[in-house]
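Please look over the model shown here and follow the report below, which takes up its open and enclosed spaces, its sheet, its nonpolar cores and one residue in a loop.

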Amino acid sequence: MKLHQLRNLVAVAKAHSIRGAARDQGLAQPAITRGLRELEKELGVPLLERHGKGVELTVFGQAFVVRARSILRDVERGREEIAQLQGHAAGKVSAGLSSAVFLSLVPEVYRAFRHACPDAYLSMTEGLFSALEPQLRNGSLDFYIGPRPQDEVDDRYAVQLLFKNQRAVVGRRGHPLAGAQSLTQLTQAEWIMTGVREPMEGEFEEQFAAHGLPAPKAVTHTLTTLPIVALLTSTDALAFLPVQWVNSELFRQALQEIKVREELTGPDIVLVRRNSLPLTPLAERLVTLFERAAGTPYRAAPAQGR
């Protein structure tokens, strides 16, 4: 099995034709066809189905092309790692990060990383582990930092605690319930339901049940940052959000914490990486910067005017 055969298979899967793959690879069609037939012979199964409009992957081809893409990514990472070990601060590093990490750690980490590695290609994707895990598994992401996954991860991954987190009741600046001191005073409010576990209703209701209170009726569900901000700033809705939201420069003027006396639990913030493959020096440098920024434990910067 040769790397060029894997590249050709991935190219055919993308183009849905041998002609398109040959054009993209700068090769003659017979060379692509010959390599794919050799690969099929070695695996003992058909990888492609040919028809009038082109080719499609068989069920075997669909399964194998996932592995082929992962192998090719790892080879590219290996090349970058060699270059980085030679002292070149170029290459690519990709991180999956939750909103709390973007708001709290990224500003400091980004400045330090850009100062140290101005030529590096940095990719940062917002999301939770459940959504980003396929990219972490196939090597598109080097690591994930965010709330601890709902379920125990398998032995493909190493999980490291960065800091324990808390939630806050968050609403718009000047909210009519800003003076509330207990969740008891907020049970009739309008709520936006967010969370990292499924079902989301259970996580929301636990915050009230832990203090012997019935959960308010919350019929608006959303997970991503922009819809949450749009709703909180334009309505009297409230939400349980990581404390980093109200401590961030981005939202400090638009959102505020309603300081209730009850302690509101939040999921640990963890670093997740693949066990089977070491990080490149560039990715290790980025991880180290996140670890330093998080501290042990993490301490949020005090908000101005509070």
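## The largest pocket

The lining of the largest pocket draws at least two residues from each of helix H5 (99-104), helix H7 (129-138), S5, helix H9 (225-234) and strand S10 (239-242). Among these contributors, H7 gives the most, with four residues. In this model, which is predicted rather than determined by experiment, the pocket has a volume of about 730 Å³. It is lined by 40 residues, and those closest to its centre are Leu128, Phe129, Pro147, Gly195 and Val196.

## An enclosed cavity

Rolling a probe the size of a water molecule over the atoms shows where empty space is left. The structure holds one cavity of 30 Å³ or more, and about 60 Å³ of space lies in this largest cavity. Its lining is made up of Arg167, Ile192, Met193, Thr194, Glu203, Phe204, Gln207 and Phe240. Two elements, strand S8 (192-193) and helix H8 (200-209), give two or more residues each to that lining, and the largest share, three residues, comes from H8.

## A sheet of five strands

Strands of a sheet pair through backbone hydrogen bonds, either parallel or antiparallel. Here five strands form an open sheet with mixed pairing, and their order across the sheet is S4-S3-S5-S12-S6. Strand S4 (121-126) and S6 stand at the edges, and because each has a single partner strand, one side of each is left without a neighbour in the sheet. On average, neighbouring strands of this sheet are turned by 20 degrees against each other, if direction is ignored.

The pair S3 and S4 can be followed in detail, since these strands run parallel and are joined by six bridges. Within this pair, Ser94 stands opposite Ser123 in S4. Helix H11 packs on the sheet, where it touches S3, S4, S5, S6 and S12, and its direction makes about 40 degrees with that of S3.

## Two nonpolar cores

In soluble globular proteins, nonpolar side chains tend to be buried together. The largest nonpolar core of this model has 26 residues, of which Val93, Val101, Phe113, Phe143, Ile145, Leu286 and Phe290 touch the most other members. At least two residues of this core come from each of strand S3 (92-97), helix H6 (106-116), strand S5 (143-147), strand S6 (157-163), strand S12 (269-274) and helix H11 (281-294). The largest share, eight residues, is supplied by H11.

Which residues is Phe290 in contact with, leaving aside its neighbours within four places in sequence? They are Leu97, Val101, Leu105, Val106, Val109, Phe143 and Ile145. Apart from this largest core lies another core, of 20 residues, which includes Leu6, Ala21, Leu36 and Ala68.

## A buried residue in a loop

Leu186 is found in the loop between strand S7 (167-172) and S8. Is this residue, Leu186, buried or exposed? Its relative accessibility is 0%, and therefore Leu186 counts as buried, the cut-off for buried being under 20%.

Leaving aside neighbours within four places in sequence, Leu186 is in contact with Val169, Leu177, Ala180, Trp191, Pro216, Leu238, Ile258 and Val260. Leu186 and Val12, by contrast, are 57 Å apart in space, C-alpha to C-alpha, and 174 residues apart in sequence.

Key
Residues numbered from 1 in each chain as written. Predicted model: local features only at pLDDT ≥ 70, side-chain atom pairs only at ≥ 80, totals over all residues. Heavy atoms only, no water. Core = buried A, V, L, I, M, F, W, Y, C linked by side-chain atoms within 4.5 Å. Buried < 20%, exposed > 50% of the residue type's maximum accessible area, 1.4 Å probe, protein only. Contact = heavy atoms within 4.5 Å. Pairing = 2+ DSSP bridges. Axes fitted to C-alpha atoms, helices over the stretch in contact; angles between N-to-C directions. 1 Å grid on protein atoms, 1.4 Å probe; cavity = no way out; pocket = protein on both sides within 12 Å on 5 of 7 lines; lining within 4 Å. Points joined across faces, edges and corners; volume = space filled by probe spheres on them.
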